[in-house]
Each structure stands twice: as C-alpha cells, then as structure tokens.
Amino acid sequence: MKILVTGCAGYIGSTLTRLLLDKGYDVIGLDNLSFGGDSMLSFYNNKKFNFVHGDIRDEKILDEVLKEADAVAHLAAIVGDPACSKYADEARSINWEGSKLLFDKCNTLSNVKRFVFASTCSNYGKMEGDSFVTEESALNPVSLYAELKVKFEKYLLESKLRDGFVATALRFATVYGLSTRMRFDLTVNEFTRDAASGKELVIFGEQFWRPYCHVEDLARAVILVIESDASLVNQNVFGVGDTDENYQKKMIADEIINVIPETIVKYVQKDEDPRDYRVDFSKIKNTLGFQITKHLKDGVIEVNSIIKNKVLADPYSKAYQNT
C-alpha cells in the first residue's frame, strides 16, 4: 500500500511518516515546507519515501501525488487557535478549501481506498458541568481553527462516497512529546521547557480541563484506522487519546514537579475559559482496540532530557512555534 501524507514535515506528520516507513509502507510526502524540511532528514533517503514540495490547493500537484496513492492521511493545515487567528484567510483557504479539493479528488479516483482526516478535540469547546464529552456530544467550536475542523468533518461525514472509498475523521487530543519538527507552543512541551530551563511557571486558569496524547500515539491511531476493517471506520469519527489522560493545568504542573522538583509555579486566577472539556475515549478503544503507549509523564521526561542535555541550540527559537 502506498500512502500519501499531507503535511509530512509537520509535528505529527513527520512522526507518522517515520512510523509508516518503519512498518514497510511506501509513502508519498506532500508539504509546502512553511516551517522547513529538517524534520524529514532522518528518512528522506529511504527508498520507500518520495517527497513532493507543494500545496494541497494546487490541483496539478494533487493530480500528481494522488495517481499512485492507495490511501491518504490528511494532516496539512494551519494548526492551532493562535495561528488560525493570525493567518485567518490562509487558514480558510487551506483548512477548508484545500481540504475539500483534496477530498473531492480522492472521492473520484478509484485507486484511493482510504482517507483519514486529522481533526481536533477543540471542536467540543466547553463541556456541561463535570460530564465527559464523547463523539456523540454537541460540538461548540470557539475558534476559527475549530470552526474549520468542524466544517470539514461535517462535509466528510455527510458526503456521498463512491463505492470502495472509506473516509474517517479523528479528533486528536492536545498533543505533546518529541518530534523531529519540535514544537514548544504546546502546553506540556512549553511548561516542561520552561521548568527545565529554570524559569518560573506562570499558569493561568489551573482548573480547566483538556485531554492530552503523545505525538507517537496520535500517529499510531492514523495507521490503525487505515488498517482497520472498512465497516468499522467508514464515515465514522473517533476521538484519539485515553480517558485517564485528561488533565487540569495544575495536574500538569504537578507531573512536572515530580520530574523537576525545583520547579517554581505561580498560579493566576482565571474564571472563564471558552475551552474546558474532558473526553471519554472509549469508542476508539472498544471499536478498534486502540491503546496509548505513552503517558503525560513520559512526555515531560523526554522534553526535560533534551533541554537539560542542550540537544537544541535555542529551544526558545521561533522555529519551534506555529506563529
């Protein structure tokens, strides 16, 4: 099977590409390299990897990369609330128009059998009371990033698909952990970097909930869906994470203190947050047998290690942010 990975040089995309190659898949990587291509150096010369520098909004390039693809893992996007807010027009163009163009082409090509879309748990916005949200819960996007994800999810789930074409949406938990395209604008990575660097952690709204999942486990979920029986995943949506990995910010700080005891934390009261949700991830576990392999503490240990050992010349470089 040959798999097209859009956004193959990104934080999750580069990890997914590496894992696919490790499993023996042929991979076509498509990326516009807005954050460079250093993340691909470890597998660029792999004989099973073919890189195409381009944009998902370019029809000619899509025709080129799709003609041999058996499956598509669609991760290319302007990612995150701050980036989508800052680059709103580009976000609408890529995250909606580009995604729709890609999907519609896949739906007409008989060779493309699978399509997996990287969505987000940010779609939930805010839970009611202390209840957990699930795939059946009402969506309440409170940012352009989530609005565009919800819009494309709806399109994917309600479109009429040709015979033999299987499409799935995955709502990723908030990601953390080491990737060859490292990011420090993510809560766990940012807090750990700062603590490992000897900085005081200033945390706003320590009581609000989010689910978290390691980058490798999110990538593993994409592969699992591609390999799963079509009847289980076709025009279906799954949250990706583990129910036990929902954390408040204070809980994250406590995990960091367990690894870096000298950490100083200052909490700043914040009574309102448009995003506050705990997610029940039973569906992907019970339907597909998905289980995480790493926990939040593992991510803290990883990030602490690369900072303490000065693996990165400047972990505060803008290269490690999406804005």
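**A guided reading of the predicted model**

In helix 7, the buried residues are Val215, Asp217, Leu218, Ala219, Ala221, Val222, Ile223, Val225 and Ile226. The helix that carries them spans residues 215-227, 13 residues in total. From the first C-alpha to the last, helix 7 reaches 19 Å, close to the 18 Å expected at 1.5 Å a residue. The model under discussion is a predicted one.

Helix 5 can be read in the same manner. This helix comprises 15 residues, 144-158, and its end-to-end C-alpha reach of 21 Å is close to the 21 Å expected at 1.5 Å a residue. Its buried residues are Leu144, Tyr145, Ala146, Leu148, Lys149, Val150, Phe152, Glu153 and Leu156. The cover over these buried positions includes three strands, namely strand 5 (114-120), strand 6 (166-172) and strand 10 (236-240). Helix 3 (81-86) and helix 4 (88-106) are also among the elements that cover the buried residues of helix 5.

These elements belong to a protein chain whose secondary structure comes to 11 helices and 12 strands. For 323 residues, a compact globule would have a radius of gyration near 20 Å; the value for the protein chain is 19 Å, and it therefore agrees with that expectation. Along the principal axes, the C-alpha atoms fill a box of roughly 55 × 45 × 40 Å. Of the 323 residues, 54% count as buried. Among contacts in the protein chain with a separation of 6 or more, 81% are between residues 24 or more positions apart.

The surface and the charges complete this overall description. The accessible surface of the protein chain comes to about 14000 Å², and carbon and sulfur atoms account for 48% of that area. There are 40 positive and 47 negative side chains in the protein chain, and the centres of the two sets lie 3 Å apart.

Individual residues allow a closer inspection. Arginine 193 lies in helix 6 (residues 187-196). Is arginine 193 buried or exposed? Arginine 193 counts as buried because its relative accessible area is 6%, under the cut-off of 20%. Leaving aside residues up to four places away in sequence, arginine 193 touches Phe184, Val303, Ile307, Pro315 and Tyr316. Valine 27, by contrast, is 166 residues from arginine 193 in sequence, and the two C-alpha atoms are 32 Å apart in space.

Serine 85 is located in helix 3, one of the elements that cover the buried residues of helix 5. Serine 85 itself counts as exposed, because its relative accessibility is 57% and the cut-off is over 50%. Between the C-alpha atoms of serine 85 and alanine 196 there is a separation of 30 Å, with their positions 111 residues apart along the chain.

Two loop residues deserve attention for their backbone angles. Leucine 33, in the loop between strand 2 (26-31) and strand 3 (49-53), has a positive phi of about 60° although it is not a glycine. Its relative accessible area is 24%, so leucine 33 is partly exposed. Glutamine 235 occupies the loop between helix 8 (230-233) and strand 10. The phi of glutamine 235 is near 45°, again a positive value in a residue other than glycine. With a relative accessibility of 27%, glutamine 235 likewise counts as partly exposed.

Methods: Residues numbered from 1 in each chain as written. Predicted model: local features only at pLDDT ≥ 70, side-chain atom pairs only at ≥ 80, totals over all residues. Heavy atoms only, no water. Helix = DSSP H or I, 4+ residues; strand = E, 2+ residues; numbered from the N terminus. Rg over C-alpha atoms; globule rule 2.2 N^0.38 Å. Buried < 20%, exposed > 50% of the residue type's maximum accessible area, 1.4 Å probe, protein only. Contact = heavy atoms within 4.5 Å. Areas by Shrake-Rupley, 256 points an atom, 1.4 Å probe, with all protein chains shown as cover. Lys, Arg positive; Asp, Glu negative; His and termini not counted. Charge placed at Lys NZ, Arg CZ, Asp CG, Glu CD. Expected span 1.5 Å × (residues − 1).
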